[in-house]
Amino acid sequence: MAEERRDQRDQRGARDARDAREGVQEVGEPWGRRVRPEEADAWESLVATARRTVSEGLVVGTSGNVSVRVGDTVLVTPSGVPYDRLTPQDVTGVDLDGRQVLGALVPTSELPMHLAVYRATDAGAVVHTHAVHATAVSTLVPELPLIHYMAGALGGPVRVAPYATYGTRELAENMLQALTDRTACLLQNHGTITYGTTLDQAYDRTAQLEWMSRLWLTATSVPGLSPTLLSEGQVAEAGERLRGYGQRG
Ligand SMILES: [Zn+2]
C-alpha cells in the first residue's frame, strides 16, 4: 500500500509537471479535470455493480474489476481498494489510451483488457471476475460445452482465451480473439470477462456465465453418465429468440 501511494504521488507529480508545461492545469484542480455530473452518476452505478460482484459471490476481496464508458472516458475500479470503501470522491477515470484523466487512485492492473474491449466493440461496460466455477471450467476445456441454450445470449459457445500473465497486452490480445462474435469469454486459469451496453447487462452476462459453468460441472460430475449437449444451431436459434425477448421485455 505504501508502495502504491508513493507511485500515486509520482504519477501526480509527473502529471502536474506535464500540465504546467502545456498550460492546461486549472487552478485548484491538480488531480485532473472536474468530474462531470454524468460521470458522477456512472461512478455510483459502477461502485454498486462492483459491490454486487462481491455480495453475490462472483468476486472475493478485490480480485475482479468493473468499468463503464462515458463518452471518451472510461471509469474503472482502482487497484487494491475494497469496494465497500469506495466513495463518490474516488472517481477514477482514464481516456481510451489509458491516460488518467480523473482521480488520484491507481486504476486496476487489468486496464489493458478493459480498454481493448472498448476499442474493439461498442461496449458500454465491462465486468471481470475470478468466479470460481467459470475459472474451474477455464482449466478443463478450450470452450464451455453447450450445456444450455443461454449460451445464445452470449453470442454462442463461450471460448477460453489462452493463459497469459495478468495485466499484459498479450492477455488482452488473447481475450479479444476469444471474444470474436461473443460478449463473454473465459480466461484460462484466471477468470471471466463480459461486456454489455450497460453495467447491468455486463453483470448479468457474468452471472449467466458463472451459472452455466456451474451447471456443466454439476452435470459432468455424475459418475458413469455424461450430459447431453446442444448443437450450435440449437443455441443460435435460442439466441435469436432471446434477442427478440429482450426487445419486448
Ligand atoms: Zn483478474
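Colleague: Which residues of H3 meet which residues of H5?

Modeller: This is a predicted model, and in it Pro-112, Met-113, Ala-116 and Ala-120 of H3 meet Arg-169, Leu-171, Ala-172, Met-175 and Leu-176 of H5.

Colleague: How do the residues of that contact divide into nonpolar, polar and charged?

Modeller: Eight of them are nonpolar, none is polar and one is charged. Arg counts as charged, while Pro, Met, Ala and Leu count as nonpolar, so the charged one is Arg-169.

Colleague: What makes H3 oblique to H5?

Modeller: It comes down to the angle. The axes of H3, residues 111-120, and H5, residues 169-178, cross at roughly 40°. Under 35 degrees would count as roughly parallel, and 65 to 115 as roughly perpendicular. Roughly 40° falls in neither range, so H3 is oblique to H5.

Colleague: And what else goes into describing two packed helices?

Modeller: Besides the angle between the axes, you give the distance between them. Here the axes of H3 and H5 come within 9 Å. As for the hand, the crossing of H3 and H5 is right-handed.

Colleague: Let's move on to single residues. Why is Asp-181 called exposed or buried?

Modeller: Count the neighbours. Asp-181 has 7 C-beta neighbours inside 10 Å, and 12 or fewer means exposed, so Asp-181 counts as exposed. You'll find Asp-181 in the loop between H5 and strand E7, which covers 184-187. Asp-181 also has a positive phi, about 60°, although it isn't a glycine.

Colleague: Where is Asn-189, and why is Asn-189 counted as buried or exposed?

Modeller: Asn-189 is in the loop between E7 and strand E8, and E8 runs over 191-196. Inside 10 Å, Asn-189 has 12 C-beta neighbours. The cut-off is 12 or fewer, so Asn-189 counts as exposed. Its phi is positive too, at about 50°, and Asn-189 is not a glycine either.

Colleague: What makes Gln-208 partly exposed?

Modeller: Gln-208 has 18 C-beta neighbours inside 10 Å. Exposed stops at 12 and buried starts at 20, so 18 lands in between and Gln-208 is partly exposed. Gln-208 belongs to helix H6, residues 199-219.

Colleague: Which residues does Gln-208 touch, not counting those up to four places away in sequence?

Modeller: Gln-208 touches Met-150, Ala-153 and Leu-154. In sequence, Gln-208 and Leu-154 are 54 residues apart, yet C-alpha to C-alpha they are 8.8 Å apart.

Colleague: And how do you know that His-133 is partly exposed?

Modeller: The reasoning runs the same way. His-133 has 19 other C-beta atoms within 10 Å. Buried needs 20 or more, so His-133 remains partly exposed. His-133 sits in helix H4, residues 132-138, and its contacts beyond four places in sequence are Glu-210, Ser-213, Arg-214 and Leu-217.

Colleague: Finally, how confident is the predictor in this protein?

Modeller: The mean pLDDT is 89, with 86% of the residues at 70 or more. Over residues 1-30, though, the pLDDT is below 50. That stretch has 16 contacts in the model beyond near neighbours in sequence. Where pLDDT is low, the predicted coordinates shouldn't be read in detail.

Notes. Residues numbered from 1 in each chain as written. Predicted model: local features only at pLDDT ≥ 70, side-chain atom pairs only at ≥ 80, totals over all residues. Axes fitted to C-alpha atoms, helices over the stretch in contact; angles between N-to-C directions. Helix = DSSP H or I, 4+ residues; strand = E, 2+ residues; numbered from the N terminus. Parallel < 35°, antiparallel > 145°, perpendicular 65-115°, else oblique. Left-handed = near helix turned anticlockwise from the far one by under 90°. Contact = placed C-beta atoms within 7 Å. pLDDT = per-residue confidence, 0-100.
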